[in-house]
Amino acid sequence: MEKFVINGGKSLFGEVKIQSAKNSVLPLIAASVINDGKTYIENCPKISDVLVMMKIIEKLGGKAYFEKDDLVIDGRSIDCWILPCDLTREIRASIFTVGALISRFGYASTCAPGGCNIGDRPIDIHIDALKKLGAIVRENDEIIFDASYGLGGSVTLRFPSVGATENAIMSAVRGKGVCIIKNAAKEPEILDLQRYLNALGANVEGGGTDTVVVRGVEKKLSCEVRIKPIPDRIEAGTFALAAVACGGEIRFLEESLPKYLFLSEIFRNNACKMYLKNDKIEGVKVTERPKGFGRVIAEPFPGFPTDLQPQLVAASCFAKGLTVVVEKVFPGRFSFVEQLLKTGADLSVCDNACIIDGGKELNPAETYAGDLRGGAALIIAALGIEGKSLIGGTRYVDRGYEKIEEKFRGLGADIRRVEF
Ligand code: UD1
(Lines give C-alpha, C1' and ligand atoms only; values in the text may rest on other atoms or scores of the structure.)
Protein backbone atom coordinates (compact mmCIF):
# COMPACT_ATOMS: atom_id res chain seq x y z
CA MET A 1 0.00 0.00 0.00
CA GLU A 2 1.34 3.41 -1.01
CA LYS A 3 1.33 6.47 1.22
CA PHE A 4 2.54 10.03 0.97
CA VAL A 5 5.07 10.77 3.69
CA ILE A 6 5.27 14.50 4.36
CA ASN A 7 7.62 16.41 6.67
CA GLY A 8 5.67 19.63 6.75
CA GLY A 9 6.25 23.15 7.90
CA LYS A 10 8.37 24.37 4.98
CA SER A 11 7.42 27.42 2.91
CA LEU A 12 6.90 26.85 -0.81
CA PHE A 13 9.02 28.78 -3.31
CA GLY A 14 9.56 28.28 -7.03
CA GLU A 15 7.86 27.57 -10.32
CA VAL A 16 5.34 24.90 -11.21
CA LYS A 17 4.05 23.71 -14.56
CA ILE A 18 0.27 23.49 -14.77
CA GLN A 19 -1.29 20.62 -16.73
CA SER A 20 -4.17 20.94 -19.19
CA ALA A 21 -7.49 20.95 -17.36
CA LYS A 22 -8.59 17.46 -16.38
CA ASN A 23 -12.19 18.57 -16.80
CA SER A 24 -11.49 19.67 -20.39
CA VAL A 25 -9.38 16.69 -21.31
CA LEU A 26 -11.87 14.00 -20.19
CA PRO A 27 -14.83 15.28 -22.26
CA LEU A 28 -12.45 15.95 -25.17
CA ILE A 29 -11.33 12.32 -25.13
CA ALA A 30 -15.02 11.33 -25.16
CA ALA A 31 -15.74 13.79 -28.01
CA SER A 32 -12.89 12.35 -30.08
CA VAL A 33 -15.12 9.31 -30.60
CA ILE A 34 -17.12 11.45 -33.06
CA ASN A 35 -13.97 12.04 -35.13
CA ASP A 36 -13.31 9.47 -37.82
CA GLY A 37 -9.76 10.86 -37.81
CA LYS A 38 -6.96 11.82 -35.43
CA THR A 39 -7.27 14.11 -32.40
CA TYR A 40 -4.25 15.61 -30.62
CA ILE A 41 -4.78 16.91 -27.06
CA GLU A 42 -1.77 19.01 -26.01
CA ASN A 43 -0.10 19.01 -22.56
CA CYS A 44 -2.45 16.21 -21.52
CA PRO A 45 -1.91 15.05 -17.93
CA LYS A 46 -1.00 11.36 -17.48
CA ILE A 47 -3.50 10.98 -14.66
CA SER A 48 -5.31 7.73 -13.99
CA ASP A 49 -8.71 9.06 -15.19
CA VAL A 50 -7.10 9.78 -18.57
CA LEU A 51 -5.54 6.30 -18.66
CA VAL A 52 -8.99 4.73 -18.06
CA MET A 53 -10.55 6.88 -20.82
CA MET A 54 -7.75 5.73 -23.16
CA LYS A 55 -8.65 2.10 -22.39
CA ILE A 56 -12.31 2.85 -23.15
CA ILE A 57 -11.31 4.28 -26.55
CA GLU A 58 -9.35 1.10 -27.25
CA LYS A 59 -12.29 -1.12 -26.21
CA LEU A 60 -14.43 0.80 -28.71
CA GLY A 61 -11.92 -0.12 -31.43
CA GLY A 62 -9.89 3.10 -31.54
CA LYS A 63 -6.27 3.83 -30.64
CA ALA A 64 -5.05 6.10 -27.86
CA TYR A 65 -1.40 6.79 -27.09
CA PHE A 66 0.95 9.53 -25.90
CA GLU A 67 3.42 11.33 -28.15
CA LYS A 68 5.56 13.10 -25.52
CA ASP A 69 3.06 15.32 -23.65
CA ASP A 70 0.31 15.13 -26.28
CA LEU A 71 -2.42 12.53 -26.22
CA VAL A 72 -3.28 11.15 -29.66
CA ILE A 73 -6.62 9.50 -30.29
CA ASP A 74 -7.09 7.78 -33.60
CA GLY A 75 -10.82 7.29 -34.05
CA ARG A 76 -10.73 5.84 -37.56
CA SER A 77 -11.20 2.26 -36.43
CA ILE A 78 -13.89 2.86 -33.77
CA ASP A 79 -16.63 0.38 -34.63
CA CYS A 80 -18.53 -0.31 -31.39
CA TRP A 81 -21.18 1.66 -29.46
CA ILE A 82 -21.23 -0.50 -26.32
CA LEU A 83 -19.22 0.93 -23.43
CA PRO A 84 -17.34 -1.71 -21.36
CA CYS A 85 -19.02 -2.02 -17.92
CA ASP A 86 -15.81 -2.75 -15.98
CA LEU A 87 -14.24 0.52 -17.13
CA THR A 88 -17.36 2.71 -16.97
CA ARG A 89 -17.74 1.72 -13.33
CA GLU A 90 -14.22 3.04 -12.65
CA ILE A 91 -14.77 6.56 -13.89
CA ARG A 92 -17.70 8.98 -13.98
CA ALA A 93 -16.47 10.77 -17.11
CA SER A 94 -17.19 7.60 -19.11
CA ILE A 95 -20.81 8.76 -19.26
CA PHE A 96 -19.77 11.62 -21.60
CA THR A 97 -18.90 9.04 -24.22
CA VAL A 98 -22.62 8.25 -24.59
CA GLY A 99 -23.31 11.56 -26.38
CA ALA A 100 -20.34 11.06 -28.70
CA LEU A 101 -21.38 7.48 -29.57
CA ILE A 102 -24.91 8.70 -30.33
CA SER A 103 -23.48 11.25 -32.76
CA ARG A 104 -21.29 8.69 -34.45
CA PHE A 105 -23.59 5.64 -34.54
CA GLY A 106 -27.09 6.74 -33.47
CA TYR A 107 -26.84 4.31 -30.54
CA ALA A 108 -24.99 3.94 -27.24
CA SER A 109 -25.03 1.47 -24.37
CA THR A 110 -23.53 1.97 -20.91
CA CYS A 111 -23.70 0.78 -17.31
CA ALA A 112 -24.11 3.29 -14.50
CA PRO A 113 -20.77 5.12 -14.22
CA GLY A 114 -18.53 5.17 -11.14
CA GLY A 115 -16.36 8.00 -9.82
CA CYS A 116 -15.03 9.59 -6.63
CA ASN A 117 -16.71 8.98 -3.26
CA ILE A 118 -18.29 12.38 -2.88
CA GLY A 119 -21.90 11.35 -2.36
CA ASP A 120 -24.61 10.29 -4.78
CA ARG A 121 -23.85 11.11 -8.38
CA PRO A 122 -26.95 10.15 -10.35
CA ILE A 123 -27.24 10.49 -14.13
CA ASP A 124 -30.93 11.39 -14.34
CA ILE A 125 -30.20 14.84 -15.85
CA HIS A 126 -28.18 13.20 -18.65
CA ILE A 127 -30.93 10.69 -19.36
CA ASP A 128 -33.71 13.27 -19.17
CA ALA A 129 -31.85 15.63 -21.55
CA LEU A 130 -31.26 12.91 -24.13
CA LYS A 131 -34.90 11.77 -23.88
CA LYS A 132 -36.20 15.32 -24.31
CA LEU A 133 -34.02 15.72 -27.40
CA GLY A 134 -35.65 12.61 -28.86
CA ALA A 135 -33.59 9.58 -27.82
CA ILE A 136 -35.39 6.40 -26.77
CA VAL A 137 -33.82 5.16 -23.54
CA ARG A 138 -34.18 1.62 -22.14
CA GLU A 139 -32.94 1.26 -18.57
CA ASN A 140 -32.12 -2.21 -17.21
CA ASP A 141 -28.74 -3.39 -15.94
CA GLU A 142 -27.45 -1.58 -18.98
CA ILE A 143 -28.81 1.72 -20.29
CA ILE A 144 -29.38 1.69 -24.05
CA PHE A 145 -29.88 4.91 -26.03
CA ASP A 146 -31.49 4.80 -29.47
CA ALA A 147 -31.25 8.09 -31.37
CA SER A 148 -31.24 6.54 -34.81
CA TYR A 149 -34.21 8.70 -35.86
CA GLY A 150 -32.17 11.83 -35.12
CA LEU A 151 -32.33 14.39 -32.32
CA GLY A 152 -33.87 17.86 -32.16
CA GLY A 153 -35.83 20.24 -29.95
CA SER A 154 -35.17 21.95 -26.68
CA VAL A 155 -34.37 20.85 -23.13
CA THR A 156 -34.08 22.85 -19.91
CA LEU A 157 -31.76 21.10 -17.44
CA ARG A 158 -33.15 20.98 -13.88
CA PHE A 159 -29.62 21.82 -12.62
CA PRO A 160 -26.72 23.13 -14.74
CA SER A 161 -24.88 19.81 -14.68
CA VAL A 162 -21.49 20.07 -16.41
CA GLY A 163 -21.50 16.50 -17.67
CA ALA A 164 -25.13 16.54 -18.82
CA THR A 165 -24.50 19.78 -20.75
CA GLU A 166 -21.45 18.23 -22.43
CA ASN A 167 -23.24 14.98 -23.15
CA ALA A 168 -26.24 16.73 -24.70
CA ILE A 169 -23.95 18.90 -26.86
CA MET A 170 -22.02 15.87 -28.14
CA SER A 171 -25.17 13.86 -28.85
CA ALA A 172 -26.56 16.62 -31.08
CA VAL A 173 -23.51 17.18 -33.29
CA ARG A 174 -24.53 14.90 -36.17
CA GLY A 175 -27.98 14.83 -37.76
CA LYS A 176 -30.61 17.06 -39.33
CA GLY A 177 -32.07 18.63 -36.19
CA VAL A 178 -31.35 21.69 -34.10
CA CYS A 179 -30.95 21.06 -30.35
CA ILE A 180 -31.21 23.82 -27.75
CA ILE A 181 -29.89 23.22 -24.21
CA LYS A 182 -31.14 25.71 -21.63
CA ASN A 183 -29.92 26.23 -18.07
CA ALA A 184 -26.67 24.78 -19.40
CA ALA A 185 -23.54 24.71 -17.23
CA LYS A 186 -21.22 27.65 -17.99
CA GLU A 187 -17.90 26.16 -16.86
CA PRO A 188 -15.01 27.36 -19.07
CA GLU A 189 -14.12 23.76 -19.94
CA ILE A 190 -17.35 23.62 -21.99
CA LEU A 191 -15.89 26.27 -24.29
CA ASP A 192 -12.97 23.93 -24.98
CA LEU A 193 -15.44 21.25 -26.02
CA GLN A 194 -17.23 23.70 -28.34
CA ARG A 195 -13.88 24.84 -29.80
CA TYR A 196 -12.89 21.23 -30.50
CA LEU A 197 -16.23 20.22 -32.01
CA ASN A 198 -16.36 23.27 -34.28
CA ALA A 199 -12.78 22.60 -35.42
CA LEU A 200 -14.03 19.15 -36.35
CA GLY A 201 -16.81 20.63 -38.50
CA ALA A 202 -19.70 20.78 -36.01
CA ASN A 203 -21.93 23.80 -35.48
CA VAL A 204 -22.11 24.60 -31.75
CA GLU A 205 -22.88 28.07 -30.36
CA GLY A 206 -23.30 29.50 -26.88
CA GLY A 207 -20.84 27.25 -24.98
CA GLY A 208 -19.95 29.02 -21.72
CA THR A 209 -23.40 30.69 -21.56
CA ASP A 210 -26.63 29.25 -20.19
CA THR A 211 -28.07 28.48 -23.64
CA VAL A 212 -26.22 26.28 -26.09
CA VAL A 213 -27.48 25.71 -29.64
CA VAL A 214 -26.23 22.76 -31.68
CA ARG A 215 -27.16 22.57 -35.35
CA GLY A 216 -26.69 19.03 -36.55
CA VAL A 217 -24.39 18.39 -39.50
CA GLU A 218 -25.18 15.46 -41.75
CA LYS A 219 -21.74 14.70 -43.12
CA LYS A 220 -19.34 12.31 -41.41
CA LEU A 221 -16.81 14.28 -39.35
CA SER A 222 -13.32 13.23 -40.14
CA CYS A 223 -10.22 15.37 -39.85
CA GLU A 224 -7.01 15.87 -37.96
CA VAL A 225 -7.66 18.24 -35.05
CA ARG A 226 -5.12 19.60 -32.59
CA ILE A 227 -6.38 21.28 -29.43
CA LYS A 228 -4.65 22.94 -26.49
CA PRO A 229 -7.10 22.84 -23.59
CA ILE A 230 -7.22 25.58 -20.98
CA PRO A 231 -4.87 25.14 -18.02
CA ASP A 232 -6.16 23.26 -14.99
CA ARG A 233 -7.55 25.97 -12.69
CA ILE A 234 -8.09 23.33 -10.00
CA GLU A 235 -4.47 22.16 -10.08
CA ALA A 236 -3.23 25.78 -10.01
CA GLY A 237 -5.68 26.54 -7.20
CA THR A 238 -4.41 23.57 -5.21
CA PHE A 239 -0.84 24.93 -5.30
CA ALA A 240 -2.07 28.44 -4.46
CA LEU A 241 -4.00 27.17 -1.44
CA ALA A 242 -0.97 25.14 -0.35
CA ALA A 243 0.89 28.46 -0.31
CA VAL A 244 -1.80 29.78 2.06
CA ALA A 245 -1.09 26.88 4.42
CA CYS A 246 2.70 27.05 4.14
CA GLY A 247 3.53 30.62 3.13
CA GLY A 248 5.82 31.30 0.18
CA GLU A 249 5.77 32.43 -3.40
CA ILE A 250 4.77 30.28 -6.40
CA ARG A 251 4.97 31.14 -10.10
CA PHE A 252 2.84 29.26 -12.60
CA LEU A 253 4.66 28.16 -15.77
CA GLU A 254 1.59 28.71 -17.89
CA GLU A 255 1.14 31.81 -19.94
CA SER A 256 -2.64 31.59 -20.18
CA LEU A 257 -4.13 31.26 -16.71
CA PRO A 258 -6.81 33.94 -16.95
CA LYS A 259 -7.66 35.72 -13.71
CA TYR A 260 -11.39 35.01 -13.93
CA LEU A 261 -10.57 31.33 -13.55
CA PHE A 262 -10.11 31.19 -9.81
CA LEU A 263 -9.55 32.26 -6.25
CA SER A 264 -10.11 36.00 -6.54
CA GLU A 265 -12.21 35.85 -3.31
CA ILE A 266 -9.28 34.34 -1.47
CA PHE A 267 -6.40 36.29 -2.92
CA ARG A 268 -7.81 39.71 -2.25
CA ASN A 269 -7.40 38.81 1.40
CA ASN A 270 -4.72 40.89 3.19
CA ALA A 271 -1.70 38.57 3.26
CA CYS A 272 -2.42 36.63 0.05
CA LYS A 273 -1.42 38.37 -3.17
CA MET A 274 -1.88 37.30 -6.74
CA TYR A 275 0.49 38.52 -9.46
CA LEU A 276 -1.29 39.50 -12.62
CA LYS A 277 0.10 40.44 -16.01
CA ASN A 278 -2.32 41.41 -18.79
CA ASP A 279 -5.15 39.86 -16.74
CA LYS A 280 -3.28 36.55 -16.51
CA ILE A 281 -2.31 35.01 -13.20
CA GLU A 282 1.47 34.70 -13.00
CA GLY A 283 1.72 33.53 -9.43
CA VAL A 284 0.82 33.96 -5.78
CA LYS A 285 2.65 35.22 -2.71
CA VAL A 286 1.69 34.64 0.91
CA THR A 287 3.84 36.56 3.37
CA GLU A 288 2.10 35.85 6.68
CA ARG A 289 -0.91 34.01 8.09
CA PRO A 290 -3.96 35.58 6.42
CA LYS A 291 -7.18 36.37 8.26
CA GLY A 292 -10.09 33.91 7.92
CA PHE A 293 -11.81 34.08 4.54
CA GLY A 294 -15.34 34.82 5.74
CA ARG A 295 -18.14 33.05 3.86
CA VAL A 296 -17.30 31.29 0.62
CA ILE A 297 -19.94 29.45 -1.43
CA ALA A 298 -18.95 26.56 -3.70
CA GLU A 299 -21.43 26.69 -6.58
CA PRO A 300 -21.61 26.38 -10.37
CA PHE A 301 -19.33 28.65 -12.44
CA PRO A 302 -18.71 31.59 -12.12
CA GLY A 303 -18.99 30.76 -8.40
CA PHE A 304 -16.16 29.32 -6.32
CA PRO A 305 -15.40 25.83 -7.73
CA THR A 306 -16.59 22.83 -5.72
CA ASP A 307 -13.40 21.06 -6.84
CA LEU A 308 -11.37 23.54 -4.73
CA GLN A 309 -13.70 23.44 -1.74
CA PRO A 310 -11.79 20.75 0.24
CA GLN A 311 -8.45 22.46 -0.43
CA LEU A 312 -9.92 25.77 0.77
CA VAL A 313 -11.21 24.11 3.95
CA ALA A 314 -7.71 22.75 4.63
CA ALA A 315 -6.03 26.11 3.91
CA SER A 316 -8.57 27.89 6.15
CA CYS A 317 -7.30 25.86 9.11
CA PHE A 318 -4.11 27.97 8.81
CA ALA A 319 -5.83 31.36 8.43
CA LYS A 320 -6.47 33.31 11.63
CA GLY A 321 -10.16 33.40 12.42
CA LEU A 322 -13.40 32.18 10.93
CA THR A 323 -14.13 30.79 7.48
CA VAL A 324 -17.47 29.29 6.53
CA VAL A 325 -17.51 27.20 3.37
CA VAL A 326 -20.94 26.39 1.94
CA GLU A 327 -21.16 23.54 -0.61
CA LYS A 328 -24.00 23.89 -3.11
CA VAL A 329 -22.96 21.44 -5.83
CA PHE A 330 -22.17 18.19 -3.96
CA PRO A 331 -23.72 18.64 -0.49
CA GLY A 332 -22.04 15.40 0.71
CA ARG A 333 -18.54 16.55 -0.18
CA PHE A 334 -17.21 16.89 3.36
CA SER A 335 -16.15 13.32 4.16
CA PHE A 336 -12.47 14.40 4.21
CA VAL A 337 -13.24 16.60 7.27
CA GLU A 338 -13.27 13.54 9.53
CA GLN A 339 -9.64 12.91 8.50
CA LEU A 340 -8.66 16.56 8.89
CA LEU A 341 -9.98 16.51 12.47
CA LYS A 342 -7.17 14.07 13.36
CA THR A 343 -4.77 17.04 13.15
CA GLY A 344 -6.59 18.79 15.98
CA ALA A 345 -8.07 21.38 13.58
CA ASP A 346 -11.11 23.25 14.86
CA LEU A 347 -13.75 22.62 12.23
CA SER A 348 -17.26 21.20 12.09
CA VAL A 349 -19.82 20.37 9.43
CA CYS A 350 -23.42 21.49 9.73
CA ASP A 351 -25.71 20.49 6.83
CA ASN A 352 -23.97 21.72 3.68
CA ALA A 353 -21.57 24.09 5.45
CA CYS A 354 -18.18 23.64 7.09
CA ILE A 355 -17.18 26.12 9.79
CA ILE A 356 -13.47 26.52 10.37
CA ASP A 357 -11.92 28.43 13.26
CA GLY A 358 -8.41 28.67 11.88
CA GLY A 359 -5.01 29.52 13.28
CA LYS A 360 -4.89 26.86 16.04
CA GLU A 361 -1.76 24.75 16.42
CA LEU A 362 -2.13 21.54 14.42
CA ASN A 363 -0.44 18.17 14.90
CA PRO A 364 0.89 15.78 12.27
CA ALA A 365 -1.38 12.78 11.77
CA GLU A 366 -1.92 9.61 9.75
CA THR A 367 -4.89 10.13 7.45
CA TYR A 368 -6.55 8.44 4.48
CA ALA A 369 -7.75 10.09 1.25
CA GLY A 370 -11.17 8.76 0.26
CA ASP A 371 -11.57 10.94 -2.82
CA LEU A 372 -9.47 13.05 -5.20
CA ARG A 373 -9.93 16.60 -3.89
CA GLY A 374 -10.30 15.46 -0.27
CA GLY A 375 -6.86 13.86 -0.76
CA ALA A 376 -5.45 17.17 -2.04
CA ALA A 377 -6.85 18.86 1.09
CA LEU A 378 -5.07 16.36 3.35
CA ILE A 379 -1.79 16.99 1.49
CA ILE A 380 -2.18 20.76 1.94
CA ALA A 381 -2.79 20.31 5.66
CA ALA A 382 0.20 17.98 6.07
CA LEU A 383 2.47 20.39 4.15
CA GLY A 384 1.51 23.17 6.54
CA ILE A 385 2.01 21.20 9.77
CA GLU A 386 5.49 20.79 11.27
CA GLY A 387 6.43 17.13 11.68
CA LYS A 388 5.82 13.87 9.85
CA SER A 389 2.35 13.08 8.42
CA LEU A 390 1.26 10.00 6.47
CA ILE A 391 -1.57 9.97 3.91
CA GLY A 392 -3.01 6.77 2.42
CA GLY A 393 -5.32 6.54 -0.60
CA THR A 394 -2.73 7.90 -3.07
CA ARG A 395 -4.66 6.32 -5.96
CA TYR A 396 -7.49 8.82 -5.48
CA VAL A 397 -5.07 11.73 -5.75
CA ASP A 398 -3.56 10.18 -8.91
CA ARG A 399 -6.96 10.44 -10.61
CA GLY A 400 -6.50 14.18 -11.05
CA TYR A 401 -2.90 15.20 -10.34
CA GLU A 402 0.10 14.01 -12.31
CA LYS A 403 3.05 13.36 -9.97
CA ILE A 404 1.82 15.79 -7.34
CA GLU A 405 4.68 14.88 -5.01
CA GLU A 406 7.30 15.77 -7.65
CA LYS A 407 5.66 19.13 -8.28
CA PHE A 408 5.55 19.96 -4.55
CA ARG A 409 9.15 18.80 -4.15
CA GLY A 410 10.08 21.26 -6.93
CA LEU A 411 8.66 23.96 -4.67
CA GLY A 412 10.81 22.89 -1.73
CA ALA A 413 8.37 20.59 0.08
CA ASP A 414 9.53 17.39 1.75
CA ILE A 415 7.04 14.86 0.35
CA ARG A 416 7.67 11.32 -0.83
CA ARG A 417 5.56 8.44 -2.04
CA VAL A 418 6.46 5.32 -0.09
CA GLU A 419 5.34 1.69 -0.45
CA PHE A 420 4.43 0.20 2.97
C1 UD1 B 1 -18.00 17.78 -13.36
C2 UD1 B 1 -16.53 17.72 -13.08
C3 UD1 B 1 -16.29 17.58 -11.57
C4 UD1 B 1 -16.97 18.74 -10.85
C5 UD1 B 1 -18.43 18.85 -11.24
C6 UD1 B 1 -19.10 20.09 -10.69
C7 UD1 B 1 -15.67 16.68 -15.07
C8 UD1 B 1 -14.98 15.51 -15.67
N9 UD1 B 1 -15.96 16.57 -13.77
O10 UD1 B 1 -18.57 16.56 -12.87
O11 UD1 B 1 -14.88 17.64 -11.35
O12 UD1 B 1 -16.89 18.54 -9.46
O13 UD1 B 1 -18.56 18.90 -12.68
O14 UD1 B 1 -18.44 21.24 -11.10
O15 UD1 B 1 -15.89 17.68 -15.71
N16 UD1 B 1 -26.44 15.58 -10.80
C17 UD1 B 1 -27.64 14.91 -10.75
N18 UD1 B 1 -28.02 14.18 -11.84
C19 UD1 B 1 -27.26 14.13 -12.97
C20 UD1 B 1 -26.02 14.82 -13.02
C21 UD1 B 1 -25.64 15.55 -11.91
O22 UD1 B 1 -28.36 14.95 -9.75
O23 UD1 B 1 -27.67 13.47 -13.93
C24 UD1 B 1 -26.01 16.37 -9.63
C25 UD1 B 1 -24.73 15.81 -9.02
O26 UD1 B 1 -25.01 14.78 -8.11
C27 UD1 B 1 -24.16 17.06 -8.36
C28 UD1 B 1 -24.55 18.16 -9.33
O29 UD1 B 1 -25.65 17.66 -10.08
O30 UD1 B 1 -24.78 17.26 -7.12
C31 UD1 B 1 -23.45 18.60 -10.27
O32 UD1 B 1 -22.94 17.52 -10.99
P33 UD1 B 1 -22.31 17.67 -12.44
O34 UD1 B 1 -22.20 19.12 -12.78
O35 UD1 B 1 -23.06 16.80 -13.37
O36 UD1 B 1 -20.88 17.06 -12.21
P37 UD1 B 1 -20.05 16.16 -13.25
O38 UD1 B 1 -20.32 16.61 -14.64
O39 UD1 B 1 -20.19 14.74 -12.92
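Here are two short exercises on this predicted model, each with a worked solution. Residues are numbered from 1 along each chain as its sequence is written, and side-chain values use heavy atoms, without hydrogens or water. Local features need pLDDT of at least 70 and side-chain atom pairs 80 or more, while totals for chains, interfaces and linings use all residues.

**Exercise 1.** Work out how domain 1 and domain 2 meet.

Start with the bounds, which come from an automatic or database domain assignment: domain 1 is 2-19 + 231-419, and domain 2 is 22-216 + 223-227. Their centres, taken over C-alpha atoms, sit 30 Å apart. The contact (heavy atoms within 4.5 Å) draws 27 residues from domain 1 and 24 residues from domain 2.

Next, look at the area. The two domains bury about 2000 Å² between them, with 50% of it on carbon and sulfur atoms; that is accessible area (1.4 Å probe) lost on putting the two parts together, summed over both.

Now the charges: 3 salt bridges cross this interface, each a side-chain nitrogen of Lys or Arg within 4 Å of a carboxyl oxygen of Asp or Glu.

**Exercise 2.** Explain why helix α4 counts as largely enclosed.

Count first: 9 of the 10 residues of α4 (96-105) are buried, so the rest of the structure largely encloses this helix. Buried here means under 20% relative accessible area (1.4 Å probe, protein chains only), and helices are DSSP runs of H or I, at least four residues, numbered from the N terminus.

Then find the neighbours. The buried residues, including F96 and R104, pack against α1, α2, β6, α5, β8 and α6; strands are E runs of at least two.

Finally, check the end: G106 follows α4 with a positive phi, near 90°.

Terms used
Buried < 20%, exposed > 50% of the residue type's maximum accessible area, 1.4 Å probe, protein only.
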